[in-house]
Amino acid sequence: MKAGFVEKLIERLGRIGPEEVQNYFLRLAQEKGFLETVFNAIQDGIIVTDSKGRITYLNDAACEFFGLEPVDAIGKRLDERIRGLDWESLTQSGAPVSRDIEIFYPENRFINFYIVPLMIESRDSVAGIDDSGRPRLKVPTKAQQVGHAMVLHDITESRRSTQQTIESERLNALTLLAAGVAHEIGNPLNSLHIHLQLMERKVRELNGNAQTELQESIDVARSEVSRLDSIVTQFLRAIRPSQPQLRPENVNAIVEEAVRFFTPEIQDRNIGVEQELRSDLPLLQLDRDQIKQALYNVIKNSLEAMKRHGALRIRTDMDDTHVLIKFIDTGSGMSAENLSRVFEPYFTTKPSGTGLGLLIVRRIVREHGGELSIESRQGQGLILTIRLPYVEKRIRMLEAGETKPPNQATTPFKASS
């Protein structure tokens, strides 16, 4: 709207006729439509509320961020439409406020928002007509707050980039630690194993209860040595780079082989396993042993997360560029807090877990150029998806003006890597 338009309109209120008033209203409507078009073209979200926190305007970007419909949102309180937003505490200071939030519906995003109070100088009605025939206005009263404007900026990409940098630095530190672990623990374990063998030979020369008791102690010691050796081995596998030996492989065959490996445990737990394997999948360039190891870890986690009589559904599918392997279990699921830490080394929710299984899976998937994502809600099971490329990406031509990849739809409480 042109500067001074409203002021000029007010000045002429006492001299304009009905037809001219109608023209002014049409012009105001055009200006409003123009401003809405501009605001809807902005990628940042904009929400305007009145003094009671009720939504009076929101643009298309704001609707997309929070999954809102303008018809349902206008006139409603903002904290009713956006659950978890403490509107009262954010606006009580009367000063501009900036915060970061994470939202999970309709997509997992990180949003920075800026709230600023809207102030307006109230004008009284026309006090009369002056000698020249113009309306006489009273002096404007003190400015009062009539609402708030909320500007929302999507910072998802920068947040994830920062998280990946931190994660990379953490793994680099673990890699350095791995060399020391292998040397400081591996060699003593080998020595212990050799001396346990020598002790066992001496025990065989004994008779009676003494032989039995010493043999039991040796067996316990050997079991603990094996457990320590397994932890060190898993730790090294999880973080030590290893070049996959790629050959054309059938993903369905590897999935079936992995399921057969767990058949005794599946039967013992009375767990139903349903396999939906797409028959027309292309052969992928894979390291069969590494992918099998990754699937072992995923299936083992699913079985341990479920009680008896649970169900595990395994699906294979494909899109334009990737083959998908999806594992859906009926376990206890994970909270949002635990899900955000699921790829941290040594983080586990199991009493006897090492916290390295998913770290190994992710490393293997990444070395094959793939992606790993996990979706879960507390008490509602877990969905783990492995995406392996079958189209080699070398160059992707960008559309004119394209500066970032399009957002990919996700669901609430999702971790991906």
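This report describes strands, helices, salt bridges and a surface patch in a predicted model.

## The five-stranded sheet

Five strands, in the order β2-β1-β7-β4-β3, make up an open sheet with antiparallel pairing. At its edges stand β2 (55-58) and β3 (97-103), each of which pairs on one side only. From one strand to the next, the twist averages 25°. Strands of a sheet pair through backbone hydrogen bonds, in either the parallel or the antiparallel sense.

Within this order, β1 (residues 45-50) and β7 (residues 144-154) run antiparallel and are joined by six bridges. One position of the pairing can be named: I47 has M150 in β7 as its bridge partner.

## Strand β14 and its two neighbours

Strand β14 (residues 382-389) is largely enclosed by the rest of the structure, because six of its eight residues are buried. Strand β12 (residues 322-329) pairs with β14 over eight bridges in the antiparallel sense. In that pairing, K326 has T385 of β14 as its bridge partner.

Strand β13 (residues 371-376) also runs antiparallel to β14, and six bridges join the two. Here E375 stands opposite I383 of β14. The connection between β13 and β14 is a hairpin with five residues between the strands. In the turn of this hairpin, G379 has a positive phi of about 80°.

## Helix α13

Helix α13 (residues 357-367) has nine of its 11 residues buried, and is therefore largely enclosed by the rest of the structure. The buried set consists of G357, L358, L359, I360, V361, R362, R363, I364 and V365. Just after α13, G369 adopts a positive phi of about 75°.

## The two sides of helix α9

In helix α9 (residues 251-261), the buried residues are V251, N252, I254, V255, A258 and V259. Because these residues cover an arc of only 160° around the axis, they lie on the same side of α9. The other side of α9 carries the exposed residues R260 and F261. An α-helix has 3.6 residues a turn, so residues three or four places apart point the same way.

## A nonpolar surface patch

The residues F34, L35, V38, F39 and I42 make a nonpolar surface patch of about 400 Å². One of them, V38, belongs to helix α2 (residues 18-41). V38 counts as partly exposed because its relative accessibility is 38%, and residues enter a patch when their relative accessible area is over 30%.

## Salt bridges between separate elements

The structure holds 22 salt bridges. Side chains of opposite charge can pair when their charged atoms come close. In one of these pairs, E64 forms a salt bridge with R109, and the closest N and O atoms are 3.3 Å apart. Since E64 lies in helix α3 (residues 60-66) and R109 in strand β4 (residues 109-120), the pair ties together parts that are 45 residues apart in sequence. E64 is partly exposed, with a relative accessible area of 46%, whereas R109 is buried, with a relative accessible area of 3%.

A further salt bridge is formed by R288 with E249, with 2.9 Å between the closest N and O atoms. R288 lies in helix α11 (residues 288-305) and E249 in strand β8 (residues 247-249), so this pair ties together parts that are 39 residues apart in sequence. R288 counts as partly exposed at 25% relative accessibility, whereas E249, at 14% relative accessibility, counts as buried.

## A salt-bridge network

D317 and R315 meet through their side chains in a salt bridge of 3.8 Å, N to O. This pair belongs to one network, in which salt bridges that share partners join E276, R278, D280, R313, R315 and D317. D317 is partly exposed, with a relative accessible area of 26%. R315 also counts as partly exposed, at 28% relative accessibility.

Key:
Residues numbered from 1 in each chain as written. Predicted model: local features only at pLDDT ≥ 70, side-chain atom pairs only at ≥ 80, totals over all residues. Heavy atoms only, no water. Patch = residues over 30% accessible without salt bridge, like charges linked within 9 Å, V, L, I, M, F, W, Y side chains within 5 Å. Areas by Shrake-Rupley, 256 points an atom, 1.4 Å probe, with all protein chains shown as cover. Salt bridge = Lys/Arg side-chain N within 4 Å of Asp/Glu carboxyl O. Helix = DSSP H or I, 4+ residues; strand = E, 2+ residues; numbered from the N terminus. Buried < 20%, exposed > 50% of the residue type's maximum accessible area, 1.4 Å probe, protein only. Pairing = 2+ DSSP bridges. Axes fitted to C-alpha atoms, helices over the stretch in contact; angles between N-to-C directions. Arc of directions from axis to C-beta.
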